[in-house]
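Here is a structure to be read through questions and answers, each answer working towards the value or name that was asked for.

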Amino acid sequence: MEARELITEKLNDSQLRKNLDFAMSLLQTNRKKLLKDRYGDWEALREEGRKVKQNTLSRLPELLERFEENAKKNGIQVHWASDAKDANDIIYNLAKKNNVTKILKGKSMASEEIHFNAYLKKKGIQAIETDLGEIIIQLIDEPPVHIVVPAIHKNRYEIGEIFEKHLKVERFSEPKDLNAVARTHLRKEFQEFKMGLSGVNFAIANEGAIWLLENEGNGRMSTTVPDIHIAICGIEKIVESFDDAVILDTLLIPSATGQSITCYNNIITSPRKDGDLDGPKEVHVILLDHHRSDILSHKHYSKALSCIRCGTCMNHCPVYEKVGGHAYGATYPGPIGEVISPQIFGIDRYGYILNLCSLCGRCSEVCPVKIPLAEMIRDLRSEKAGQGSGEEILGISRIKPKMAEKLGFKIFAFLASTPWAWKSMLWGVKVFGPIGKPLAPLLPMIKQWTSCRAYPTLDASFQSQKLEGVIYE
Ligand code: SF4
């Protein structure tokens with residue numbers, strides 16, 4: 001489906017908008033309340049988090065090697081994957097070697113990024129999701145709508161219907177009943193599996209350990225019950241020490257869900273040792289690059305690799321709140337998606353999502369590691385329009401702007417930076433604006449704009465008003 005059609009479809013889905021409105025307000029309120037009640041100096045903590053990530057990224061190659069060395073000493077097998085195919089092949093070969101036909105999956109955005117489920121399906125291996133949100137969307141064959149809460153676009157009544165239809169159970173709508181259905185469904189699955197897959201929140205170089213955060217216990221089941229645990233870890237998830245990871249964890253959880261701590265913290269330091277009652281016999285960590293090294297080499301856009309995937313930029317984005325994650329058509333939606341999707345998957349293919357932004361700057365204000373998201377979205381737009389740094393992004397040639405577009409922006413830049421011209425333009429708008437109203441449906445470019453908006457009442461009086469910016473926090 002074309003991007004425009006997709007966005008129009010989402011905008012016209014009133015149930016989706018109601019669900020998103022409710023969910024995003026709840027996430028925003030919970031976060032705000034927690035920060036006010038429990039955190040003395042959130043801003044200082046954000047600054048610490050920013051420094052931890054910047055320091056880590058500036059020494060990433062060295063820390064990755066240290067992680068590999070220490071993880072190997074602990075008995076963890078480390079694999080390097082330069083792209084999605086490499087990562088999928090590593091997992092497939094491990095599955096084939098161990099005669100595995102089904103893999104239990106905890107939540108992992110990296111696995112979504114490499115289209116792991118689809119790849120394995122082609123090879124005759126089934127991936128079984130265990131996170132409640134992921135189960136819901138797997139049943140209806142949809143991708144995650146959000147990086148933290150993958151089925152946030154569905155309300156409990158819709159989830160009850162999905163379970164009734166696909167799991168052949170009675171229709172429920174109470175959360176405790178829905179949880180019970182999912183639990184019964186999963187318990188059967190957990191007993192049969194040899195291989196489990198998870199993501200990684202932090203990979204700690206000094207310890208050679210990985211840290212997984214979750215709220216449902218499915219992550220712990222997927223990583224301890226099967227004989228083989230595979231963790232996919234984007235290379236930017238490395239931190240030097242537990243101390244660094246604790247700072248980021250303290251920023252991540254309130255930002256993501258408005259909790260101060262997750263229900264489960266799984267710190268995996270090795271495979272099962274003699275005398276251990278449980279745990280996998282083999283632990284594999286796949287260090288996934290997939291264009292992250294290219295992003296890292298860019299001095300401005302490399303800041304995007306500081307992302308700790310809390311999702312709060314989505315929760316506070318006025319555009320995401322209206323259309324949801326599927327409208328972006330990319331694995332990573334929302335403000336961070338606008339910054340990294342064009343860089344990971346190509347600006348030619350995903351450049352259009354840069355338009356799903358009003359540049360209000362709210363995302364930059366709430367980001368716990370202070371990524372200047374709005375600034376980067378604006379700069380990527382310039383790159384896309386051929387007016388950016390002049391560097392090619394990821395070796396992909398920039399889209400050539402149309403002559404008319406180029407001329408239009410030149411005229412706008414002149415008007416916006418020349419007071420007498422701007423005032424004359426406003427005067428012209430006031431005098432000639434009303435004449436444009438009956439003509440609007442006939443004029444090629446304006447026709448599109450007014451097809452879904454009311455023609456504005458044009459008034460030049462605001463030139464004399466004193467306007468103030470908006471600060472959200
Ligand atoms: S960019 Fe910042 S706010 Fe958005 S998901 Fe990443 S860490 Fe969270």
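Q: Which residues of β7 are buried on each of its two faces?
A: In this predicted model, both faces of strand β7 are covered. On one side the buried residues are I228, I230, I232 and G234, and those on the other side are H229, A231 and C233.

Q: Is strand β7 largely enclosed by the rest of the structure or open to the outside, and how many of its residues are buried?
A: A residue is buried if its relative accessible area is under 20%. Strand β7 covers residues 228–234, and because its residues meet that condition throughout, the strand is largely enclosed by the rest of the structure. The number of buried residues is seven of the seven.

Q: In which sense do β4 and β7 pair, parallel or antiparallel, and which residue of β7 stands opposite L197?
A: Strands of a sheet pair through backbone hydrogen bonds, and the sense can be either parallel or antiparallel. Strand β4, residues 195–198, is joined to β7 over four bridges, and the sense is parallel. Within this pairing, the residue of β7 opposite L197 is I230.

Q: How many bridges join β7 to β10, and what is the bridge partner of H229 in β10?
A: Strand β10 spans residues 282–288 and runs parallel to β7, with seven bridges between them. For H229, a residue on one of the buried faces of β7, the bridge partner in β10 is V283.

Q: Which strands are the edges of the open sheet of four strands?
A: The order of this sheet is β8-β5-β6-β9, and its pairing is mixed. An edge strand here pairs on one side only, and that applies to β8 (238–239) and β9 (264–268).

Q: How do β5 and β6 run relative to each other, and which residue of β6 stands opposite F202?
A: Strand β5 (residues 202–204) and strand β6 (residues 209–214) are joined by three bridges, and the two run antiparallel. F202 has as its opposite number in β6 the residue W211.

Q: Where does H290 lie, is it buried or exposed, and what is its phi?
A: H290 belongs to the loop between β10 and α13 (292–296). Its relative accessible area is 8%, so H290 is buried. Most residues other than glycine have a negative phi. H290 is not a glycine, yet its phi is positive, at about 45°.

Q: Where does K168 lie, is it buried or exposed, and what is its phi?
A: K168 is placed in the loop between α9 (156–167) and α10 (175–192). With a relative accessibility of 69%, K168 counts as exposed. Although K168 is not a glycine, its phi is positive, at about 55°.

Q: Which residues does F172 touch, leaving aside those up to four places away in sequence?
A: F172 is found in the loop between α9 and α10, and its relative accessibility of 24% makes it partly exposed. Its C-alpha atom is 42 Å from that of I204, a residue 32 positions away along the chain. The residues that F172 touches are R156, G160, D177, L178 and V181.

Q: What is the relative accessibility of K96, and how far apart in space are K96 and N179?
A: K96 sits in helix α5, which covers residues 84–97. Its relative accessibility is 53%, so K96 counts as exposed. K96 and N179 are 83 residues apart in sequence, and their C-alpha separation in space is 33 Å.

Q: What separates the C-alpha atoms of Q448 and L132?
A: Q448 is part of helix α22 (residues 444–450), and with a relative accessible area of 49% it is partly exposed. L132 lies 316 residues from Q448 along the chain, and the distance between their C-alpha atoms is 41 Å.

Q: What is the radius of gyration of the protein chain?
A: The secondary structure of the chain comes to 22 helices and ten strands. For 473 residues the globule rule gives 23 Å, and the value for this chain is close to that, so the chain is as compact as a globular protein of that length; its radius of gyration is 24 Å.

Q: What share of the contacts with a separation of 6 or more joins residues 24 or more positions apart?
A: Buried residues make up 50% of the protein chain. Among the contacts with a separation of 6 or more, the share from residues 24 or more positions apart is 72%.

Conventions:
Residues are numbered from 1 along each chain as its sequence is written. This is a predicted model: local features need pLDDT of at least 70, side-chain atom pairs count only at pLDDT 80 or more; totals for chains, interfaces and linings use all residues. Side-chain values use heavy atoms; hydrogens and water are left out. The radius of gyration is taken over C-alpha atoms; the globule rule is 2.2 Å times the number of residues to the power 0.38. Buried means under 20% relative accessible area, exposed over 50%, partly exposed in between (1.4 Å probe, protein chains only). Contact means heavy atoms within 4.5 Å. Two strands pair if DSSP finds at least two bridges between them.
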